[in-house]
Amino acid sequence: MNVYHGSNVIVYNPDIVHSFRSLDFGKGFYVTTVKEQAERWARRKTDICGMGKAIVTIYEMGENFTGLSRKCFDDDLTEWIDFVCRCRDEKEDYLKYDLIRGKVANDKVFRVVDMYHSGIWDKERALKEIKVYPDYDQIAFVSQKAIDQLLRYETFYEVMRYE
C-alpha cells in the first residue's frame with residue numbers, strides 16, 4: 001500500500017529523531033493514505049518554515065507487523081479523542097506502541113477536540129460534531145523499528161502552491 005508524507009523537503013530516509021513536538025498520536029513520523037491530505041500538510045509545512053518546496057514523499061508500506069506493537073482506532077472515536085488529548089498534553093501513552101493508526105484531527109476536528117479538551121463541550125457533543133467532518137487518516141510511526149520494517153521510499157513530487 002502506498003502512503004504519503006507532506007513536508008518542505010524530500011524525506012528519503014524517515015526517522016523519529018526529527019519529530020519536534022507531540023501531535024495527535026505523540027512524537028513520530030506521520031504518513032497518510034490520502035494523497036490530498038499529504039499535499040495540504042506539505043503546503044502548511046512550507047508556509048510555517050518559510051523555506052523549501054511543498055513536497056509529498058511516497059512510500060510503500062509493507063504488511064509484516066511481526067514484533068511490532070500496534071494501536072488502530074478505526075471507528076472508535078470515544079477512545080480516540082481521549083488518546084489525542086493525552087498526547088497533546090504530552091503524556092507518553094503513545095510510547096507503548098510502535099505504530100498508531102486512526103482519524104486525523106485536521107483544523108476543523110482540532111477545534112472540536114480543543115473544545116472538549118478545555119471542558120467547554122462534553123464528550124457526547126464533541127463526538128457528534130466530529131462525525132460530521134470527512135474522514136482523513138494518519139499513521140504515526142512511533143519507533144524507528146517500525147519505520148525500518150515497514151516503509152520503503154518510492155518517489156516524491158512537488159505540490160503546486162496556492163498564491
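# A walk through two sheets and their helices

Let's start at the end of a helix: right after H1 comes Gly50, whose phi is positive, near 70°. Helices like this one (H or I, at least four residues) and strands (E, at least two) are DSSP runs, numbered from the N terminus. Before going further, note that this is a predicted model, in which local features need pLDDT of at least 70 and side-chain atom pairs count only at pLDDT 80 or more, while totals for chains, interfaces and linings use all residues. Residues are numbered from 1 along each chain as its sequence is written, and side-chain values use heavy atoms, with hydrogens and water left out.

Now step back to the whole protein chain. Five helices and seven strands make up its list of elements, and along the sequence they follow the pattern β-β-α-β-β-α-β-α-α-β-α-β. How far does the C-alpha trace span along its principal axes? The answer is about 45 × 45 × 25 Å. For 163 residues, a compact globule would have a radius of gyration near 15 Å, and the protein chain agrees with this at 16 Å. That radius is taken over C-alpha atoms, and the globule rule is 2.2 Å times the number of residues to the power 0.38. Of the 163 residues, 44% count as buried; buried means under 20% relative accessible area, exposed over 50%, and partly exposed in between (1.4 Å probe, protein chains only). Contacts (heavy atoms within 4.5 Å) tell us about the fold too: of those with a separation of 6 or more, 83% are between residues 24 or more positions apart.

Let's look at the sheets next. Strands of a sheet pair through backbone hydrogen bonds, either parallel or antiparallel. Here, two strands count as paired if DSSP finds at least two bridges between them. One open sheet has three strands in the order E1-E3-E7, with antiparallel pairing. At its edges are strand E1 (2-7) and strand E7 (151-158), each pairing on one side only. From one strand to the next, the twist averages 25°. (Axes are lines fitted to C-alpha atoms, for helices over the stretch in contact, and angles run from 0 to 180 degrees between N-to-C directions.) E1 and strand E3 (residues 55-61) are joined by six bridges. You can find Gly6 opposite Val56 in E3, and Ser7 opposite Ile55 in E3. Why is E1 largely enclosed by the rest of the structure? Because five of its six residues are buried.

Return to helix H1 (residues 35-49), which lies across E1, E3 and E7 and runs at about 15° to E1. Its 15 residues reach 21 Å from the first C-alpha to the last, close to the 21 Å expected at 1.5 Å a residue; that expected span is 1.5 Å times one less than the number of residues. Buried in H1 are Gln37, Ala38, Glu39, Ala42, Arg43 and Thr46. The cover over the buried residues of H1 includes E1, E3, strand E6 (137-141) and E7.

E6 leads us to the other sheet, an open one of four strands in the order E2-E6-E5-E4, with mixed pairing. Strand E2 (29-31) and E4 stand at the edges with a single partner strand each, so one side of each has no neighbour in the sheet. The twist in this sheet averages 15° from one strand to the next. Strand E5 (residues 99-103) pairs with E6 in the antiparallel sense over five bridges, and Arg101 has Ile139 in E6 as its bridge partner.

On edge strand E4 (residues 70-72) sits Arg70, which is partly exposed, with a relative accessible area of 49%. Leaving aside neighbours within four places in sequence, Arg70 is in contact with Phe65, Tyr97 and Leu99.

Finally, look inside. A nonpolar core is a set of buried Ala, Val, Leu, Ile, Met, Phe, Trp, Tyr and Cys residues joined through side-chain atoms within 4.5 Å. The largest one has 23 residues, and those with the most contacts inside it include Phe25, Trp80 and Ile130. Helix H2 (77-88), helix H3 (107-117) and helix H4 (123-130) are the elements that give two or more residues to this core, and H2 supplies the largest share, seven residues. A second, separate core of 14 residues includes Tyr59, Met61, Leu68 and Ile147.
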